[in-house]
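Q: I have a structure open on my screen and would like to learn how to read it. Can we go through it feature by feature?
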Amino acid sequence: MSHKPVLTAEHYSFSYETLDQPTLDDLTFSLYDNEATLLIGPSGSGKSSLSLCLNGLYPDAVEGVASGEIFYRGHLIKDFAKGALNQQIGIVFQDPESQFCMITVEDELAFTLENCQVPRDEIEHRINQILNHIGMIDYKQQAIHTLSGGQKQKIALASVLLLEPDVLILDEPTANLDPMSRLEFIQLIEQLRMTMALTILIIEHQADDWLKLIDRALVLNQDGQLIEDGPVDTIFQTKQTVLMEHGIFIPEQYRRHNHPRKPTIDAVHRKPCLAMKNVSFSRNHSPILQHINMTFHQGEMIAIVGENGAGKSTLLQLIARLLQPNDGAITFLEKSLNDWKEAALRQHMGFVFQNPEHQFLTDTTYDEVAFSMTLNGYDYDTINRRTTQLLSDFQLLQEKWQNPFALSGGQKRRLSVATMLDETPDLLLFDEPTFGQDAQTTAELMHLMTNIQKQGTTIVFVTHDMDLVDQYCESVYVLHDQKVQYYNDPKTLWQQDTLLNQARLRKPSRLEEEKVGVVHGVSR
Ligand SMILES: Nc1ncnc2c1ncn2[C@@H]1O[C@H](COP(=O)(O)OP(=O)(O)OP(=O)(O)O)[C@@H](O)[C@H]1O
Ligand SMILES: Nc1ncnc2c1ncn2[C@@H]1O[C@H](COP(=O)(O)OP(=O)(O)OP(=O)(O)O)[C@@H](O)[C@H]1O
């Protein structure tokens, strides 16, 4: 099959004016008609920046300088009028919230179509079609701000697909989706690829589920240079050592080494840190959580899992007293949660939000980490020593004076975690702690969390990553149908096929690998 180049970069470099080093350095490659290409590289290697350069938004939309050229179907992209390429080259971003302009799902999608002069009588049909496709038809009238993170991501995809783009760039589009929705989303892209002539560029740290769809892979290094370009099979099979040196995830089916399960601390016999008794919570009279009973022990690492919209973030907000239950009681360190003074509660309990940007309060990465130590009256030397140490632990020293909002997705997530560790709290709540991280930073983040756990901190995290649950947690709670449907060791959860299906979960990749490992004949 001969493929025509759709997008071509020739000696393309791009630098943010605020940074000393170029973010993309002398890239030459093409994306071809009907081909799906995977773009991988460590966190901060420039993947998101490249996608914005490819559709012509950058360098104009930021303070940045580019050299070399990018061509779209043989024409220089800089010769297209501003915004002219948005329809042909659609991007689904890491952060779906940045994409929305309207209040309800229906209005958002209608707005997109109206902007492209789609006739009025076609609009409703096209909206229904796409919402049915992605399983969101019941949310058509709903206000976008009331959707869960994963639901928002699906609407962001729908609004790009509605434009019937020529090139589809997916920048970590499934990071917020529950395991089953993630698979369905990928199958949806596969179907679309068969029915629409699409050139696809996928940015994903964990490429496992995408492999059957991907033809080629491009690999960037930390300096924004292209170090590999070739068939995906060849790259993952023959370049494994190089990829691992760069901290890149190796899909399970190519992996030569299994990750052993980390030994866990037997904390379930220790004193409770936090207990919820018969807690219920409704929004606008519709129940979100009902009769929840949970006990987290001191030094325990616990995962909360469940489908998109199951109420996991809501549960964390109840625990952090950011929401009040309608019914039931929450006890934290032997005292009713409502009896805690605000300042003391925040010292003893840390909360890392799903969207890191919701946490940022200052103008630099350094100040963000130093912020609460300054509030708590620490002296300058202590603040400086501790801040520098945390920035170094989280690989953010180079970005010390950068604005938190100008960090890469992975860097923002690491910063939001670092800001919670200025003191060692009794309870740490994480909403998707490793979302958007490469293999190395995921391992490092989990290592740091395990160290904090060993000091006695209870860690509760919400995740869609069953490998993390499998490797690190002593206990897992499954939320489904507004209730706790499972509480126990993760190992026994993987045997409960019916529940896994109902709660839209999947087994960890070590248990799914048998299905696919043979295909590529990889010896293990
Ligand atoms: N501010 C809000 N107003 C009204 N409803 C909301 C609001 N925030 C969330 N919801 C609804 O509450 C339910 C639970 O949402 P929540 O964010 O807790 O789910 P989740 O399990 O964390 O989902 P995800 O995995 O997609 O992040 C969803 O149905 C969501 O639509
Ligand atoms: N608007 C901006 N202004 C200045 N620097 C930026 C801006 N956006 C990103 N950067 C920096 O450019 C580098 C590349 O960021 P980019 O978001 O492209 O990386 P990435 O490979 O997509 O990372 P991740 O895997 O963490 O999402 C990072 O060092 C980041 O701090």
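Q: Let's begin with a ligand. Which helices each supply at least two residues of the shell around ligand 1?

A: Keep in mind that this is a predicted model. To read a shell, look for the elements that give it several residues. Here helix H4 (149–161) and helix H8 (312–319) each supply at least two. The shell around ligand 1 counts 19 residues, with Thr146, Ser148, Lys312, Ser313 and Thr314 the closest.

Q: Which protein atoms pair up with oxygen atoms of ligand 1?

A: Check side chains and backbone separately. On the side-chain side, an N or O atom of Thr314 sits 2.5 Å from a ligand 1 oxygen, and for an N or O atom in the Lys312 side chain the distance to a ligand 1 oxygen is 2.7 Å. The backbone joins in through Ala310, where a polar atom is 3.1 Å from an oxygen of ligand 1. As for cover, ligand 1 taken alone exposes 640 Å², and the protein buries 83% of that.

Q: How many residues of each class are in that shell?

A: Sort the residues by class and count. Around ligand 1 you get 13 polar, 3 charged and 3 nonpolar residues.

Q: And ligand 2: which residues come nearest?

A: Read it by the same steps. There are 23 residues around ligand 2, and the nearest are Ser43, Ser49, Gln402, Gly410 and Gln411. Then go to the atoms. An N or O atom in the side chain of Ser43 is 2.7 Å from an oxygen of ligand 2. A polar backbone atom of Gly46 lies 3.0 Å from a ligand 2 oxygen, while a ligand 2 nitrogen is 3.1 Å from a polar backbone atom of Ala406. Ligand 2 would expose 640 Å² by itself, and the protein buries 89% of that. Two or more shell residues come from helix H1 (47–54) and from helix H12 (409–418). By class, the shell of ligand 2 holds 15 polar, 5 nonpolar and 3 charged residues.

Q: Let's stay with H1. Is it mostly covered or uncovered?

A: Go along the helix residue by residue. In H1, 7 of the 8 residues are buried: Lys47, Ser49, Leu50, Ser51, Leu52, Cys53 and Leu54. Have a look just past the end of H1 too, where Gly56 has a positive phi of about 80°.

Q: Why does Leu39 count as buried?

A: You compare its relative accessibility with a cut-off. Buried means under 20%, so Leu39, at 1%, counts as buried. Leu39 lies in strand E3 (residues 36–40). Beyond its neighbours within four places in sequence, Leu39 is in contact with Lys47, Leu50, Leu201, Ile202, Ile203, Glu204, Leu218 and Leu220. Take Leu50 from that list: Leu39 and Leu50 are 11 residues apart in sequence, and their C-alpha atoms are 9.7 Å apart.

Q: Now zoom out. How many helices and strands does the protein chain have?

A: Begin with the inventory, then the overall dimensions. The chain has 17 helices and 20 strands. Its radius of gyration is 23 Å, close to the 24 Å from the globule rule for 524 residues, so the chain is as compact as a globular protein of that length. The C-alpha atoms fill a box of roughly 70 × 55 × 50 Å along the principal axes. Burial is a useful companion number: 54% of the 524 residues count as buried.

Q: And the contacts: what share joins residues at least 24 apart?

A: Set aside pairs that sit close in sequence. Among contacts between residues at least 6 apart, 69% join residues at least 24 apart.

Methods. Residues are numbered from 1 along each chain as its sequence is written. Chains are lettered from A and ligands numbered from 1 in the order in which they are written. Side-chain values use heavy atoms; hydrogens and water are left out. A residue is near a molecule or strand if one of its heavy atoms lies within 4 Å of it. A polar contact is a pair of N or O atoms within 3.5 Å; within protein, one must be able to donate a hydrogen and the other to accept it, and residues adjacent in sequence count only if both atoms are side-chain atoms. Accessible areas come from the Shrake-Rupley method with a 1.4 Å probe; for residues, only the protein chains shown count as cover. Helices (H or I, at least four residues) and strands (E, at least two) are DSSP runs, numbered from the N terminus. Ala, Val, Leu, Ile, Met, Phe, Trp, Tyr, Cys and Pro count as nonpolar, Asp, Glu, Lys and Arg as charged, and the others, Gly among them, as polar. The radius of gyration is taken over C-alpha atoms; the globule rule is 2.2 Å times the number of residues to the power 0.38. Buried means under 20% relative accessible area, exposed over 50%, partly exposed in between (1.4 Å probe, protein chains only). Contact means heavy atoms within 4.5 Å.
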